[in-house]
Amino acid sequence: MIKLIASDIDGTLVKDGTLAIDREYMDVISRLLDKGIIFVACSGRQYRSERKLFAPVADRLLYITDGGTVVRTPKEILKVDTMPDEIWKGMLSMVHESLPSCDYYIATPDRGFAEDGGSRMFHWLRDSYGYDIQEISDPRILEDQQIIKFSVYHPNACEELCAPVFTPAWKDKVTLVSAGKEWMDATLQGSGKGPALDFLQKHLGIAPDETCVFGDNINDIEMLREAGYSYAVSNSRPEVQAAAQNTCPPYWENGVLQILKSYKRYKLLRSSSRYDGLDCLQDFQFIPTHSAETYFISCAFAGVLELLS
């Protein structure tokens, strides 16, 4: 039985860099929460941005933010992974010296920092993502603060530009993952969405086979492997689809919402005493498959059963 659902955001639920989401998500998530299912927003986004996206249910969710470096409830931080000053300062110097066409972003648990307040990246994070971000001319003043993530930014080719120098220099010193075409995220070695979800599962006493996860990018692969039920949206990278047990329709077709709605129907069915004898259907909605057709058949069957209730 599913007890915890964790979902990536950008490219999985919504288009990258937007606060626009189908409001039906809020209704369905609220109903799942009412039935005791824990919902975790799990993203590279800042906590403030995640809360804004899920505003109607924000106080009822758990959060994995900033690429898995922070795990928190609406009231407190449960876990935070900070980077040594010499690491992020070394990466900053390399961006200045070797990646002149790239920008950078430095994150703490509650605020982000960038060097050029007029840049495309700065405005995108502030105006589209809803970040609390501050222009900072001299990053050295951030020494001894909780730096949790250093991100390299390029509008369309970050992974390729980082490949010759930046990635080889840092891949064995930090957790380095591509987060879409625009971002290369560096966090403390051993951190990430997968370890963050593992921490949360242990903290809550929830097993992997009681967990369902949705994702679309390289930084979601470890998280997908921490779940008994995992879905890659069909717009995801091939490596992600290979790591997931199942696929679902793309974010622009609300693929995750379709899965959540089918699960909501199933939970309503199980709560009815009329179907106490249908224990064999316990995992019906989560039959491992890479076939979208099989998924839609399962949804149709669930809908028929719901009509009978």
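Buried, in what follows, means under 20% relative accessible area. Keep that in mind, please. And one caution: this is a predicted model.

Let me start with the whole chain. The protein chain has 309 residues, and buried ones make up 56% of them. Secondary structure comes to eleven helices and 14 strands. Now the contacts. Take those in the chain with a separation of 6 or more: residues 24 or more positions apart account for 62% of them.

On to helix 3. It covers residues 85-98, which is 14 residues. From first C-alpha to last, helix 3 reaches 20 Å. The expected figure at 1.5 Å a residue is 20 Å, and the helix is close to that.

Which residues of helix 3 are buried? The list is D85, I87, W88, M91, L92, M94 and V95. Look at the numbering with one rule in mind. Residues three or four places apart on an α-helix point the same way, because there are 3.6 residues a turn. What do the buried residues of helix 3 pack against? Three of the partners are strands 9, 10 and 11, at 149-153, 174-178 and 183-188. Strand 6, at 103-107, is another partner, and so is helix 6, at 166-170.

Next, a small piece of sheet. Strand 4 is residues 70-72, and strand 5 is residues 77-80. The two run antiparallel, joined by three bridges. Between them sit four residues, and the pair forms a hairpin. If you want one bridge to find on screen, take R72: its partner in strand 5 is I77.

Now the N terminus. M1 lies in the segment before strand 1, which is 4-7. Is M1 buried, partly exposed or exposed? Its relative accessible area is 29%. The partly exposed class runs from 20% to 50%, so M1 is partly exposed. M1 also has a partner distant in sequence to look at. C212 is 211 residues away along the chain, yet the two C-alpha atoms are separated by 9.9 Å.

Let's turn to the pockets. The largest pocket holds about 240 Å³ of space. It has 14 lining residues, and the closest to its centre are D16, G180, K181, D216 and N217. By class, the lining of that pocket has seven charged, five polar and two nonpolar residues.

The second largest pocket has a volume of about 200 Å³. Its lining includes G67, T175, V177, D185 and T187. S191, G192 and K193 are in the lining too. So are I218, N219, I221 and E222. Which elements give two or more residues to this lining? They are strand 10, strand 11 and helix 8, the last at 221-225. Remember strands 10 and 11: the buried residues of helix 3 pack against both. The class split for the second largest pocket is six polar, three nonpolar and three charged.

Last topic, the cavities. The structure holds three of 30 Å³ or more. The largest cavity has a volume of about 260 Å³. Of its 21 lining residues, the closest to the centre are D10, G44, Y129, A179 and W183. Strand 9 and strand 11 each supply at least two residues of that lining. What is the lining of the largest cavity made of, by class? Nine charged, six polar and six nonpolar residues.

To finish, one element to follow on screen: strand 11. Strand 11 packs against the buried residues of helix 3. Strand 11 gives two or more residues to the second largest pocket. And strand 11 supplies at least two to the largest cavity.

Note on methods
Residues numbered from 1 in each chain as written. Predicted model: local features only at pLDDT ≥ 70, side-chain atom pairs only at ≥ 80, totals over all residues. Heavy atoms only, no water. Expected span 1.5 Å × (residues − 1). Buried < 20%, exposed > 50% of the residue type's maximum accessible area, 1.4 Å probe, protein only. Contact = heavy atoms within 4.5 Å. 1 Å grid on protein atoms, 1.4 Å probe; cavity = no way out; pocket = protein on both sides within 12 Å on 5 of 7 lines; lining within 4 Å. Points joined across faces, edges and corners; volume = space filled by probe spheres on them. Nonpolar A, V, L, I, M, F, W, Y, C, P; charged D, E, K, R; others polar. Pairing = 2+ DSSP bridges.
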